[in-house]
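This report looks at how two parts of one protein chain meet. The sequence and the structure come first, and the description follows.

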Protein chains: 2
Amino acid sequence: MRAVLLAAGEGKRLRPFFQGPKPLMHLLGLSLLERNILTMRDCGIKEFIIVTGCYDEEIREFLGKGDSLGVSLKYLHNSAWKLGNGVSAYAFHREYRNGEKFILMMCDHIFEPKVVKSFITAAEKLAEGEVLLAADKRLEKVWDLEECTKIKAETNKGLYLGKNLTEYNAVDCGLFIGTKALLNSLAEAIAEKKYNLTDGVKRLAEKGKLKLHFVEGFWIDVDDLPSLKEAEKMLLKSLIPPKDGLISKWINRRFSLRLTKILASTDLTPNQITLISFFLCLASAWCFAVVSPFWGGLLAQLSSIIDGVDGEIARLKFLKSNYGALFDAILDRYGDFAIVIGMTYAWFSGTGGVFALLVGLVALAGMPMSMLFKEKFKAISGKQFIPEDYDGVFRFVPANRDGRLLLIMLGGVFNLLPFTLILLAVISHFQTLMRLVKVGNQLQ
Amino acid sequence: MRAVLLAAGEGKRLRPFFQGPKPLMHLLGLSLLERNILTMRDCGIKEFIIVTGCYDEEIREFLGKGDSLGVSLKYLHNSAWKLGNGVSAYAFHREYRNGEKFILMMCDHIFEPKVVKSFITAAEKLAEGEVLLAADKRLEKVWDLEECTKIKAETNKGLYLGKNLTEYNAVDCGLFIGTKALLNSLAEAIAEKKYNLTDGVKRLAEKGKLKLHFVEGFWIDVDDLPSLKEAEKMLLKSLIPPKDGLISKWINRRFSLRLTKILASTDLTPNQITLISFFLCLASAWCFAVVSPFWGGLLAQLSSIIDGVDGEIARLKFLKSNYGALFDAILDRYGDFAIVIGMTYAWFSGTGGVFALLVGLVALAGMPMSMLFKEKFKAISGKQFIPEDYDGVFRFVPANRDGRLLLIMLGGVFNLLPFTLILLAVISHFQTLMRLVKVGNQLQ
């Protein structure tokens with residue numbers, strides 16, 4: 001499937017805050033247009049047609065043929081862009097291939113990737129002659145409802161559309177699966193001097209050819225500064241993975257998302273951030289060993305926070321990679337090892353002796369066990385190990401990395417190294433033992 | 001698909017060595033009949049018809065309805081078993097369901113599981129009215145060629161069959177996919193007083209209805225003591241996994257297969273053997289710490305050998321389980337940890353001090369890294385991590401478990417604990433670093 005992106009408008013309302021073309025306006029490290037292209041690339045779309053108008057040259061120059069994004073870009077210029085976005089959408093008829101379905105997206109609407117993914121999946125069932133429109137019936141959640149195009153819907157059919165509809169139960173999200181029928185309808189509307197996309201879509205609704213797909217997830221029309229801020233907020237929120245550790249969810253993300261917001265506009269790659277997090281572990285170990293446990297503890301927690309940033313940046317800027325995930329997993333282990341070695345050394349050279357040696361060794365052995373167990377479980381059963389399913393009450397014990405590093409921070413700040421090491425040793429091995437028992441009842 | 005097992009004969013030639021019914025004769029912990037049922041169960045076959053003759057009651061009593069094997073067993077008694085195995089095979093016509101394909105196997109032929117798997121896969125293409133016969137054209141590898149039924153084959157068609165054929169290029173392995181055509185052909189032969197299975201099969205060959213599937217792998221007709229011994233030898237050999245560690249392949253398997261041969265006839269489960277291997281690690285650690293490194297080293301190597309036995313027994317007796325694999329992986333890690341802790345303690349309490357402490361910690365951290373890397377690689381890329389593909393020359397460095405435990409054994413026997421711990425620390429982390437670099441070039 002090919003995608004058509006409408007990027008012809010002038011973007012007047014954002015003019016006071018941004019001087020260039022609105023499609024190229026940056027939002028958390030990517031221009032609006034880039035973000036939409038990459039969102040769709042992740043859904044398997046490789047060919048894009050960008051309809052330009054007001055800023056034809058600037059956009060072509062900025063994105064080129066799409067090589068840097070790993071996609072193929074083509075441009076259509078609509079010189080009559082001032083008439084309305086229906087004319088821009090209709091410009092695609094020059095490129096249309098008989099029988100094809102295409103995605104039509106406004107370049108200034110921002111969607112959480114999963115929304116686009118499920119929309120494209122829903123398109124598979126669309127019949128010839130019909131058009132699919134993403135709609136939102138969670139009216140209480142819609143941003144700037146007044147500005148939206150309203151829809152009177154019956155089950156999954158759009159009956160009437162209009163900005164000033166008084167009776168409505170959904171709104172138009174500005175994301176379509178178009179067929180020849182859409183282009184025909186636009187042509188008819190234009191012939192009657194009705195130049196907006198909605199004019200063409202209305203006609204389809206009247207003929208009973210407008211199907212609706214109701215979205216579940218975040219989307220927004222970025223039109224002014226408040227909506228830009230809201231988009232930023234929601235995109236950042238969407239970076240929290242559904243299965244986050246408790247400490248991570250309650251504490252670390254509050255800081256890591258703020259850092260991600262700042263770092264998004266830099267060129268730092270996720271792997272570089274992984275390295276920074278690792279070096280902070282080494283610094284923490286060094287502080288524990290020879291400077292002060294207080295700084296050791298704080299640096300460990302800082303590393304833990306930054307350990308969330310690499311993944312957030314990767315998801316936010318579509319930079320996820322298999323190697324990045326592996327690199328992060330291995331360096332996290334080494335970071336843990338370094339800190340425990342630093343703590344053990346400190347205790348040993350203080351009052352510890354042989355007891356410190358043994359506790360340190362046992363605590364160190366506990367560090368990789370949580371990950372090791374999860375990965376082996378996955379390799380064997382093909383299923384993700386979900387702590388909630390197997391750990392029972394034990395999931396509240398901080399034996400995962402976010403929890404362990406928090407304990408280490410507290411141990412450092414309150415200068416309780418022996419106690420912390422003993423605690424780490426006990427909970428990490430107890431967790432493994434519990435998992436072996438619990439899983440044994442369920443895994444065959 | 002259902003399977004028909006012929007278990008009607010008397011088994012005269014093995015009489016001097018075994019008193020009971022031949023189908024119930026034990027071979028490495030399982031009776032011939034059980035082994036064949038379980039081999040087919042692993043290929044997805046759940047319903048079996050056993051044709052009995054000479055030992056009807058004994059066989060029924062021994063296997064029952066098949067609950068303990070996780071399959072469903074039905075018995076057909078052929079009172080005229082003395083006439084020949086064609087009559088026994090024909091007995092299945094009472095149970096035959098119109099249009100079905102069925103597997104027909106002699107209960108005293110033993111096959112490597114992969115042979116049966118690929119045979120059953122090949123059966124999918126078999127046309128109505130045809131019969132598929134497993135045949136072996138690697139004549140130089142066939143056991144007791146003289147006793148075999150020979151086949152003159154043209155590509156994958158059997159032209160002539162007979163024990164005394166002078167011109168032949170394959171032999172009959174006694175494994176069929178039968179259809180109605182086979183039963184009809186047997187009926188015709190019996191009407192002419194020809195009672196052997198081969199008599200029926202010959203007729204099919206003459207009509208051009210006998211298709212051949214050429215096996216690749218081990219099979220044998222267990223008829224006498226030498227063939228029983230050969231079956232034992234080949235089954236044991238088939239337990240060595242294709243991707244075995246070098247030390248394991250060159251040293252450990254020589255001992256572990258011998259142990260497996262002995263332990264196969266006991267009731268020890270793979271998980272119990274895993275536990276024994278783990279306790280040997282604890283004993284090794286204890287010896288290192290307080291008795292003598294010599295015994296510590298020997299026990300470590302013994303544990304390494306027994307670490308191979310659990311998997312061998314599991315494969316040999318069809319006792320493989322997901323939980324067993326997980327249990328083994330986790331206990332192996334704890335075994336490693338224990339031994340390194342024991343060695344570190346010994347060095348420390350001798351002359352080591354803080355240097356022993358640090359080296360011990362770093363060596364301990366290296367122990368889980370090989371597995372951790374492999375599992376994470378698999379989870380991320382979906383591919384098995386094959387050391388040969390990524391480790392280059394480094395695959396000859398003993399950084400995997402079999403190699404590490406061999407180093408520990410040598411370190412103990414020659415009383416070189418500090419050197420061994422340093423070596424373990426260096427090679428395990430160097431291996432991880434090398435893998436991170438190598439994989440980086442290939443993984444996206």
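## Where two domains meet

In this predicted model, the side chains of K261(A) and E232(A) form a salt bridge, with 3.4 Å between the closest N and O atoms. The bridge has a place in a wider picture, since chain A is divided into domain 1, residues 2-234, and domain 2, residues 240-442. Between domain 1 of chain A and domain 2 of chain A the count is one salt bridge. The interface of these domains also has two residue pairs in polar contact, both at pLDDT 80 or more.

On the side of domain 1 of chain A that touches domain 2 of chain A, helix α1 (residues 32-41) of chain A gives the most, with four residues. By class, that side of domain 1 of chain A has four nonpolar, two polar and four charged residues.

The size of an interface is often given as the accessible area lost when the parts come together. The table gives values for this pair of domains.

| Item, domain 1 and domain 2 of chain A | Value |
|---|---|
| Distance between centres, over C-alpha atoms | 43 Å |
| Residues of domain 1 in contact with domain 2 | ten residues |
| Residues of domain 2 in contact with domain 1 | six residues |
| Area buried between the domains | about 680 Å² |
| Part of the buried area on carbon and sulfur atoms | 68% |

Which residues of domain 1 of chain A lose the most area to domain 2 of chain A? They are L28(A), G29(A) and R35(A), which together make up 50% of what the domain 1 side buries.

Key:
Residues are numbered from 1 along each chain as its sequence is written. Chains are lettered from A and ligands numbered from 1 in the order in which they are written. This is a predicted model: local features need pLDDT of at least 70, side-chain atom pairs count only at pLDDT 80 or more; totals for chains, interfaces and linings use all residues. Side-chain values use heavy atoms; hydrogens and water are left out. Domain bounds come from an automatic or database domain assignment. Contact means heavy atoms within 4.5 Å. Buried area is the accessible area (1.4 Å probe) that two parts lose on being put together, summed over both. A salt bridge is a side-chain nitrogen of Lys or Arg within 4 Å of a carboxyl oxygen of Asp or Glu. A polar contact is a pair of N or O atoms within 3.5 Å; within protein, one must be able to donate a hydrogen and the other to accept it, and residues adjacent in sequence count only if both atoms are side-chain atoms. Helices (H or I, at least four residues) and strands (E, at least two) are DSSP runs, numbered from the N terminus. Ala, Val, Leu, Ile, Met, Phe, Trp, Tyr, Cys and Pro count as nonpolar, Asp, Glu, Lys and Arg as charged, and the others, Gly among them, as polar.
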